[in-house]
Every structure is written in structure tokens, then in C-alpha cells.
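Let's walk through this structure together, one element at a time. Keep the sequence and the 3D view open as you read.

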Amino acid sequence: MRHGLLNGSGTADPPVLRDLPRHSHPARHSHPAGHGDGTVITSTVLSAVLSNVPSTVLVGVSPVFVTGFSAFAVAFIVLIVLTLRFTFQRAAENRRSWLAEQNDLDTAGAPRTRAGARMRGDRSAMTALVLSGGGTRGATQVGMLQVLAEAGVVPDRIYGTSVGAVNGAAFAADPTVRGVDRLTTIWRGITGEEVYPQRRGHGPWRFLQQRESMHSNAGLRRIIEAGIDFERLEDAAVPLEVVATSIVDGRERWLTSGPAVEAVLASAAIPSIFPPVDIDGDRLIDGAVVDNVPLTRAIDAGATRIIVLLCGPPTFTPPAAKRPVEAMFNALLIAVHARFAREMARLPPGVEVVVCSGGTGQTRDYTDFSETEALIAAGRREATEVFRRCGLLSDATVVPAAGSGTPAHSEPRDDS
């Protein structure tokens with residue numbers, strides 16, 4: 001058995017470290033359960049390293065020195081591990097904070113709203129665009145969007161209901177003059193037969209048949225697809241949210257992510273006219289049933305200036321009903337308009353609301369698109385006057401297009 005190396009004097013050198021019994025190895029110690037787990041690991045690593053050191057290197061090394069060196073090495077490795085752990089944690093926190101600024105995540109990393117596009121400007125001064133429902137009178141919003149695009153006004157977020165969701169999605173896809181021109185072209189080509197295809201035997205009695213809707217939504221789907229170039233809501237150039245109504249539990253359903261066409265189609269699914277749209281196990285119809293002008297949604301998101309594009313007067317004055325069905329229809333419209341009136345009366349301090357009413361006319365039939373050109377011109381002229389009065393436009397920014405229009409309506413909030 002070898003106990004050491006002979007030195008020059010013929011005496012044996014002290015035993016090398018690797019020949020010591022395993023229980024006396026200076027770098028291995030037991031620890032109470034639950035304490036020093038990291039030190040045990042690093043001590044094991046250190047023992048493996050020292051066992052591979054050539055014996056000639058350790059000849060004559062003092063046990064005290066070895067013990068001190070082992071303790072230093074263990075402390076050094078533990079320090080490195082803690083430093084790396086701290087660095088990775090800080091990196092993760094920084095990444096989460098950055099994502100929160102880009103994608104509006106909450107502090108836990110969960111998305112509050114899916115908006116894959118950039119957020120513009122400081123959240124303390126956020127501009128939101130709200131577009132209401134209104135059927136064929138949605139053409140007035142097209143003229144209003146023309147004015148915004150020509151003035152270079154791009155909102156931080158867009159909220160839409162029903163036809164406002166259709167127009168809002170198109171503007172969210174491309175909030176430029178080119179994008180609005182495309183939307184204008186689409187509206188000018190729409191016919192009642194395209195949106196509301198007639199079937200054989202079509203007539204008012206179809207409302208009494210056992211079916212979900214009077215019309216297929218295939219034509220409306222094609223119009224929506226022609227107006228947007230993104231597949232999912234979170235991919236819009238401007239963050240977009242649309243509202244629908246659940247016929248499962250009657251609740252308000254906000255759609256902020258997922259297939260864009262399906263979401264807009266659900267928001268515009270007029271009850272009894274178009275079939276409900278199934279999304280995530282829920283059956284959804286027109287968002288105007290629960291929130292025709294989603295003003296509160298924009299306020300809750302932190303908007304300080306809200307541009308509202310209506311398709312008709314902000315208040316509803318019902319005509320005298322001559323038939324029970326007319327009285328029922330008047331009651332529905334009163335309920336739809338009442339929420340917006342209440343919300344306008346309860347604006348929080350620091351919030352300015354600019355309203356374009358969309359005129360005072362009434363649509364003769366829900367399938368009638370014959371007034372599209374006149375409605376676009378009226379919306380353009382009203383928006384020009386309202387936005388100029390509120391400081392969104394200069395006197396030379398926009399030249400109104402020819403056409404008949406209605407007086408402007410604006411309700412900015414004065415906090416002074």
C-alpha cells in the first residue's frame with residue numbers, strides 16, 4: 001500500500017489528500033434537514049473537483065489551509081448562484097414591465113386587453129373613438145371618419161357597436177385616408193339584397209316562422225372581410241374592442257381578442273334579422289341591445305378625450321304609435337338611447353366628450369341603402385364643423401364635400 005512519496009531525504013511525504021478516509025474529507029459535512037441545501041450541493045461539486053487534482057499538487061498542503069479554501073470556494077459558488085438568480089429575476093421583471101407598456105398587461109403578466117398593435121401616446125392623455133350602432137345610417141360615420149383621416153387624427157383605442165363595429169374595425173385596420181377611401185368604396189357599393197338576401201316566399205310572415213333569423217349573414221360577412229386586413233382583433237393597427245350581447249345569460253360581452261370577422265359579425269347580428277354567432281360556447285347577438293354607445297368602456301380604460309360618432313340624435317323622441325308593434329319598437333329605442341343620456345350626465349372630471357350626432361333623419365326601411373351618398377356627405381360636413389369647433393381641426397384642414405347635412409352637435413366637458 002502506498003502511503004506517500006519519498007522525498008530527497010529518503011523519508012516519506014505526508015499522505016495525499018485523496019488517500020484520506022472519505023468521512024474525514026474537509027469539504028464534506030452533514031447539515032440538518034431543511035438547512036444549507038445549496039451548500040451541500042456546492043460541497044459535493046467541490047469534492048468532485050478536488051478528487052481529480054493531481055496528488056503532486058496537494059503534497060504538503062496543510063489541512064487548515066484546505067479547510068479554509070473549501071469554505072471560501074463554497075461561499076464563492078453560493079454567491080455566484082444567488083447573483084445569477086437575482087439577475088434572472090430582475091430580467092423577468094423588466095421584460096414583464098416592457099410587455100405591460102406594449103401590450104397592456106397587468107402586473108401579473110395576464111392580458112387585460114389583446115391589442116397587438118402599438119399604443120400611442122401617454123395613457124394620462126388617451127383619446128378613444130366610440131362608434132354607435134345605427135343600421136344603414138352607419139354611412140354617416142364614414143363621412144366622419146373621412147374628416148378624422150384627412151386631419152391625421154388617430155385614436156389610441158376604438159370601441160364599436162353593431163354597424164359601428166363594422167366601421168370601427170375598418171378604421172382600426174388602416175386609419176389613413178387610403179383606408180377610409182376603401183371603406184367609402186365598400187359602402188357605396190352595398191345594396192339591400194347583398195346584406196339582406198331575400199328568399200323565396202319572403203315577407204313579414206317570416207317573423208312568425210320557426211327560424212333564428214330572417215336573413216343569412218353571408219352578405220354581411222363578405223362586407224366585413226372586405227373592410228379589414230387582419231385576422232385577429234389583437235392584430236389591428238389601432239387597438240379595437242367590440243361589444244355583443246349574450247342570449248345565454250343576457251350579459252354584455254366585450255370581444256378583445258380572437259377571430260376579428262366573427263367578433264364584428266356577432267356585434268352586428270341584429271336580433272331576428274341575422275342569426276346569433278357562436279363564440280367560445282356563447283351565443284351572441286347585436287351589441288346595441290346592451291350598449292349602443294360604449295362610452296363607459298372608454299372611460300374605464302382611462303380615456304381623457306372621447307370622440308363619439310353616432311348615427312342619429314343622442315336623444316330619441318318617439319313618434320306617435322299607431323299600432324302595437326310601433327309602440328313596442330318605440331319602447332326599445334327609448335331604452336337604447338336612455339343609457340347614453342345617463343352616462344353623459346355622469347361624466348367624471350377630466351374627461352372631454354366630443355359628439356357627432358349623425359343627423360335627424362329616419363331610415364324608411366332597414367334594407368334601404370339608397371341614401372348612402374347623402375349620409376356620407378352629411379356626416380362629413382357635421383364632423384368638419386364639430387371637430388373644428390373643438391380644436392381637432394384648423395380652419396384650413398378639411399374642405400367639406402358637397403351634399404346635404406344637419407347642424408353639428410358637440411358636448412365637450414369643461415373642467416375649469
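**Helix pairs, a hairpin and two unusual loop residues**

In this predicted model, a good place to begin is where helix α8 (residues 218–227) packs against helix α9 (residues 260–267), at an angle of about 130° and with 10 Å between their axes. That angle is why α8 is described as oblique to α9. The handedness of the α8 and α9 crossing is right-handed. If you would like to see the side chains involved, look on α8 for L220, R221, I224 and E225, which meet V261, E262, V264 and L265 of α9. By character, the residues in the contact of α8 with α9 comprise 5 nonpolar and 3 charged, with no polar ones.

Now turn to a second pair of helices. Helix α6 (residues 177–188) and helix α12 (residues 372–389) cross at roughly 145°, and their axes come within 9 Å. Here too you can check the handedness: α6 passes α12 in a right-handed crossing. On the α6 side the contact involves T184, W187 and R188, and on the α12 side T372, E373 and I376. What is the division of the residues in the contact of α6 with α12 into nonpolar, polar and charged? There are 2 nonpolar, 2 polar and 2 charged residues in the contact of α6 with α12.

From the helices, let's move on along the chain. After α9 comes a loop that leads to β5, and S272 sits in this loop between α9 and β5. Its backbone deserves a look. Most residues other than glycine have a negative phi. S272, however, is not a glycine and still has a positive phi of about 70°. Is S272 buried, partly exposed or exposed? Its relative accessibility is 35%, so S272 counts as partly exposed.

Beyond that loop we reach the strands. Strand β5 (residues 277–279) is joined to β6 by 3 bridges, and the two run antiparallel. One position to find is I279, whose bridge partner in β6 is D282. Together β5 and β6 make a hairpin with 2 residues between them.

The turn of this hairpin holds another residue with a positive phi. D280 lies in the loop between β5 and β6, and its phi is near 55°, a positive value in a residue other than glycine. How does its accessibility classify it? D280 has 71% relative accessibility and therefore counts as exposed.

Strand β6 (residues 282–286) gives another picture: the strand is mostly covered, with 4 of its 5 residues buried. Besides β5, β6 also pairs with strand β3 (residues 240–246), in the antiparallel sense and over 3 bridges. To locate this pairing in the view, find T245, which stands opposite I285 in β6. So that you can follow the side chains here, keep in mind that in a regular strand they alternate between the two faces of the sheet.

Finally, step back to the whole protein. The elements we have visited belong to a set of 12 helices and 8 strands. Of the 416 residues, 44% count as buried. And how much of the contact pattern joins residues 24 or more positions apart? Among contacts in the protein with a separation of 6 or more, such residues account for 73%.

Definitions and conventions:
Residues numbered from 1 in each chain as written. Predicted model: local features only at pLDDT ≥ 70, side-chain atom pairs only at ≥ 80, totals over all residues. Heavy atoms only, no water. Axes fitted to C-alpha atoms, helices over the stretch in contact; angles between N-to-C directions. Parallel < 35°, antiparallel > 145°, perpendicular 65-115°, else oblique. Left-handed = near helix turned anticlockwise from the far one by under 90°. Contact = heavy atoms within 4.5 Å. Nonpolar A, V, L, I, M, F, W, Y, C, P; charged D, E, K, R; others polar. Buried < 20%, exposed > 50% of the residue type's maximum accessible area, 1.4 Å probe, protein only. Pairing = 2+ DSSP bridges.
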